[in-house]
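Dear colleague,

Please find the structure below for your records. My notes on what was found in it follow directly after.

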Amino acid sequence: MNFFRGVISGQAAGPQPSGAETIQKLCDRVASSTLLEDRRDAVRALKSLSKKYRMEVGTQAMDHLINILQTDRSDSEILGYALDTLYNVICNDEEEEQDESEDAVAPLPVSGKHKNVSVPDENAQKQADDLSLQFTDTFIQDPEHVTLLLTLLEEFDFHVRWPGVKLLTALLKNQGPQIQGIILVSPMGVSRLMDLLADSREVIRNDGLLLLQQLTKGNAAIQKIVAFENAFERLLDIITEEGSSDGGIVVEDCLLLLLNLLKNNSSNQNFFKEGSYIQRMKPWFEVGDDNSGWSAQKVTNLHLMLQLVRVMVSPVNSPGATASCQKSMFQCGLLQQLCTILMATGVPADILTETINTVSEVIRGSQVNQDYFASVNAPSNPPRPAIVVLLMSMVNERQPFVLRCAVLYCFQCFLYKNQKGQGEIVATLLPSTIDANSISAGQLLCGGLFSADSLSNWCAAVALAHALQDNLTQKEQLLRVQLATSLGKPPVSLLQQCTNILSQGSKVQTRVGLLMLLCTWISNCPIAVTHFLHNQENVPFLTAQISENLGEDERLVQGLCALLLGICIYYNDNSLENYTKEKLKQLIEKRIGKENFVEKLGFITKHELYSRAAQKPQPVFPSPEQMLFDHEFTKLVKELEGVITKAVHKSSEEEKKEEEVKKTLEQHDNIVTQYKELIREQDAQLQELKEQVASMTSQNEQLQATITQQQSQIQQHKDQYNILKLKLAKENQGQSNSQGDSSQVNGLQTEELTQLREEVEELRKQHSLLQTQLGDKDALISSLKSGAAQTAEGPAGGSDNTELLQELEALRSQVQSQSTEIGQLKMERQDLLRRAEAGSSDTLPSSDSSLDAAKMAELESRLGAQTSEMERLKAEVKNLSESRAELEKQLDSTTSTVAILQTEKEKLQTDVQESKKEQDDLLMLLADQDQKITSLKKRLKELGETVEDEDDLDTRDQTDDDDEEDEDED
């Protein structure tokens with residue numbers, strides 16, 4: 001311990017040890033000391049020496065420091081010293097803050113090779129960088145060291161967490177991909193780092209932002225994880241808390257992290273849009289009337305915010321995602337806010353330029369956004385459209401070059417897939433719409449096209465070419481434009497004036513711009529080709545330009561002249577006798593030579609600036625002199641180069657044959673198209689008939705289900721009737737057993753006989769009534785029998801009716817048996833009455849009188865039971881009759897419905913057969929046409945033409961459908 005203190009205080013006797021020896025002794029102390037205080041002091045000393053003796057500390061102490069991180073987890077102070085030491089060794093930051101005074105130690109002797117240099121030269125800087133990479137590789141040889149560092153970041157202690165964040169950031173700067181891979185496979189690795197944004201200590205939160213910036217560079221998987229860890233919400237909250245665009249460096253760090261998460265990551269872009277985070281960007285761009293004195297930090301922040309908007313609507317994104325973001329930006333008012341900045345005063349030039357580029361990509365290809373931009377007016381007196389104000393800047397040579405490029409890009413994006421906007425621009429050039437009191441977009445473009453500034457010429461030519469892009473109508477309308485060149489001379493057309501300037505031999509940039517305009521103008525427009533060839537000087541000028549052997553600078557002009565002449569051949573309608581396709585090709589062969597012409601045509605794509613312009617739509621050039629090619633024009637060259645080469649090498653006979661074959665094919669295609677349309681109509685009709693058959697079938701199935709349900713109900717009624725019949729049979733048997741005792745009555749009292757007579761009279765009335773009802777039932781049964789005979793076609797209904805008739809016959813027989821029993825009772829009563837009258841004068845003993853009274857009571861009870869049973873049977877007969885009548889009605893309605901369905905089915909089958917015959921006839925005609933087309937295609941192939949086979953799957957699919965339908969009907 002005394003030795004260690006001597007080293008620290010610098011008071012040791014004898015010669016002082018070198019830096020390497022001191023570090024070695026400190027490392028031994030860290031490794032061998034058992035007291036935590038000794039190890040802590042040794043690590044603190046190593047930290048103090050780590051900057052001056054970076055190599056020695058890194059090579060000798062790294063393993064000991066890592067061991068401290070693993071073993072002394074309980075002491076936050078020694079952990080902080082160890083992490084700081086590792087950071088000083090691995091990081092190559094010359095601007096790191098100085099150590100605090102309590103951590104300082106006495107300076108040690110410095111050998112010559114360790115002297116600090118205030119401004120290191122390139123070799124020293126390279127050596128320092130190599131040293132950082134070397135120590136980083138040493139640290140990450142074991143991935144567990146990175147996992148250990150992630151674990152230490154969970155410590156809340158400031159002296160542990162902050163140096164841990166800085167150390168991990170330094171590791172990511174030196175070996176980003178390897179560290180990213182380790183963190184990606186570490187459990188909850190990214191989540192632990194995301195927790196840094198929620199730390200209440202701003203220092204740790206801000207350094208956590210820098211750590212996440214390094215972590216998300218170039219790794220889409222980590223970018224997605226960070227985004228789904230609610231990073232967007234947290235970052236936007238921090239930006240709002242820090243003051244948005246008026247905030248400090250923290251806002252800049254948040255915006256840089258957002259750019260890392262969104263750039264070239266479609267998943268995160270969609271998540272950002274779906275989370276309604278685009279709406280939260282609108283307040284960033286709210287600027288006041290006084291825009292003077294913007295701080296450098298505010299300019300940086302707003303520049304990054306505009307880049308963030310551009311990332312969401314970049315042309316390299318998928319069209320669907322870009323259109324969705326453009327729609328959201330218009331709906332939330334973000335586009336309106338950007339246009340406000342565009343027209344505001346006092347905005348710095350670089351912010352204005354980036355705002356123009358941002359507005360360009362927000363409106364590109366979106367009709368709604370383009371229409372809104374066309375309606376924006378500048379706050380001037382009188383108000384002018386924003387497009388006019390921007391074009392004034394583009395054709396003004398005193399404006400900055402980057403600003404003019406931005407305005408050109410904005411104009412191109414405004415016209416991209418916007419035929420309405422193209423028509424409005426061209427209309428400002430037509431004689432009927434020119435307003436002498438105001439400046440229009442067309443006037444500015446013409447002024448720039450013919451000005452003395454070559455850059456204005458090029459920009460105006462490209463802008464006007466975009467007004468004609470893929471729009472045949474506007475190409476023809478622009479032919480009407482007349483220009484007044486000077487007083488006293490007749491006006492000339494715009495087309496002629498462009499060729500006049502070409503022939504005057506202006507600057508290369510001007511001629512390239514005019515040639516691109518002419519190529520775009522007359523391509524795919526035979527009328528414009530005719531107007532161009534009508535001037536007798538144009539073709540000789542082009543052939544002279546192509547045939548000359550000029551310098552390197554003129555080779556691009558020669559290639560464009562060859563392209564223009566090739567377009568005149570390819571889109572020539574042979575309306576001019578002197579300049580037909582054949583004569584132009586003969587002219588090329590005599591004056592230039594076909595091979596030389598094709599070689600000059602290839603100069604365009606071989607130019608070094610061609611590939612740069614073809615990469616992206618935005619015109620970005622290092623200097624005005626390199627501004628030669630337009631992105632859309634490179635597409636046109638790629639499309640036309642091959643067909644023009646082929647057209648130049650074709651003979652007249654081949655062209656005639658090709659035209660004849662094309663005409664014949666067009667005729668046959670028209671016929672086939674007509675037949676296809678007819679077949680489609682018949683397919684639609686057949687589909688309707690199929691749907692009708694299906695609906696009828698479903699109705700029939702429903703009716704069958706109803707009949708089945710009714711049959712089950714009838715069966716239930718039959719079962720109930722059988723149960724009742726069994727009960728009645730038992731009761732009749734009991735009554736027949738009790739009738740044998742009635743003959744034993746010998747005499748009745750006078751009062752009882754009178755009452756018995758009255759009851760007999762009532763029974764007679766009831767009997768007569770039952771006889772009448774039985775007659776009615778007989779008539780009903782006869783009618784039911786006749787109805788059953790008529791409905792013999794329905795086997796199920798006929799069998800049910802027969803069973804019901806049999807049951808009614810049995811019931812009638814039971815009623816008749818009851819009537820017979822009643823007659824017997826009546827006869828017994830009459831016999832009793834005669835016996836009573838004959839023996840009325842005789843005196844009967846009291847025992848006989850009591851016996852007669854008992855017998856009479858029994859007889860009366862039997863009569864009452866018979867009467868009630870008769871009433872019940874009548875009620876059952878009535879219910880069965882009503883049920884029978886309902887069943888008859890349902891059976892009749894079902895039979896009629898089945899007949900109707902059968903009739904409709906036969907009608908549909910007839911229609912299907914007729915349609916099938918018509919289709920067979922059409923298929924025969926199509927087969928003949930196919931044979932003719934096949935023969936013509938063979939002829940074309942023999943002539944050397946490439947013929948693409950037409951897809952006839954529709955006809956084959958139709959034939960297969962018809963066959964399947966026939967099989968279903970069979």
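**Findings**

N317 is placed in the loop between α15 (296-312) and α16 (319-331); helices (H or I, at least four residues) and strands (E, at least two) are DSSP runs, numbered from the N terminus. This is a predicted model, in which local features need pLDDT of at least 70 and side-chain atom pairs count only at pLDDT 80 or more, while totals for chains, interfaces and linings use all residues. Residues are numbered from 1 along each chain as its sequence is written, and side-chain values use heavy atoms, with hydrogens and water left out.

With a relative accessibility of 13%, N317 counts as buried; buried means under 20% relative accessible area, exposed over 50%, and partly exposed in between (1.4 Å probe, protein chains only). A polar atom of the N317 side chain lies 2.9 Å from the backbone oxygen of V311. Such a polar contact is a pair of N or O atoms within 3.5 Å; within protein, one must be able to donate a hydrogen and the other to accept it, and residues adjacent in sequence count only if both atoms are side-chain atoms. Leaving aside residues up to four places away in sequence, N317 touches Q269, V311, M312 and T322, where contact means heavy atoms within 4.5 Å.

Q337 offers a second case of a side chain reaching a backbone oxygen, that of F285, at 3.4 Å. Q337 belongs to helix α17 (residues 334-343) and is buried at 15% relative accessibility. Its contacts, not counting residues up to four places away in sequence, are K282, F285, E286 and V287.

**The chain as a whole**

The chain has 970 residues, of which 45% count as buried. Its secondary structure comes to 40 helices and four strands. Among contacts with a separation of 6 or more, 74% are between residues 24 or more positions apart. The chain exposes about 49900 Å², and carbon and sulfur atoms supply 50% of that area; accessible areas come from the Shrake-Rupley method with a 1.4 Å probe, and for residues only the protein chains shown count as cover.

**Two helices with a buried side**

Helix α2 (residues 19-32) has 14 residues, which at 1.5 Å a residue should span 20 Å, and its end C-alpha atoms are indeed 20 Å apart. The expected span is 1.5 Å times one less than the number of residues. Which residues of α2 are buried? They are G19, T22, I23, L26, C27 and V30. Seen down the axis, these buried residues fall within an arc of 135°, so they line one face of α2; the arc is that of the directions from the helix axis to the C-beta atoms. In general, an α-helix has 3.6 residues a turn, so residues three or four places apart point the same way. On the other side of α2, A31 and S32 are exposed.

Helix α31 (residues 581-592) agrees with its expected span as well: twelve residues should cover 16 Å, and the end C-alpha atoms are 16 Å apart. In α31 the buried residues are K581, L584, K585, I588 and I592. They cover an arc of only 100° around the axis, which puts them on the same side of α31. The face turned away from that buried side carries the exposed residues K590 and R591. After α31 comes G593, with a positive phi near 100°.

**Loop residues**

N264 has a phi near 55°, a positive value in a residue other than glycine. N264 lies in the loop between α13 (249-262) and α14 (266-274) and is exposed at 64% relative accessibility. D470 also has a positive phi near 55° and is likewise not a glycine. Its place is in the loop between α24 (454-468) and α25 (472-478), and D470 is exposed, with a relative accessible area of 66%.

I439 is in the loop between α22 (419-427) and α23 (441-449) and is partly exposed at 41% relative accessibility. The C-alpha atoms of I439 and V388 are 7.6 Å apart, although 51 residues separate them along the chain. Beyond residues up to four places away in sequence, I439 touches R384, V388 and L444.

**Cysteines**

The structure holds zero disulfides, a disulfide being a pair of cysteine sulfur atoms within 2.5 Å. For C519, the nearest cysteine sulfur is that of C561, 8.4 Å away. C519 is buried, with a relative accessible area of 0%, and C27 is buried, with a relative accessible area of 1%.

Yours sincerely
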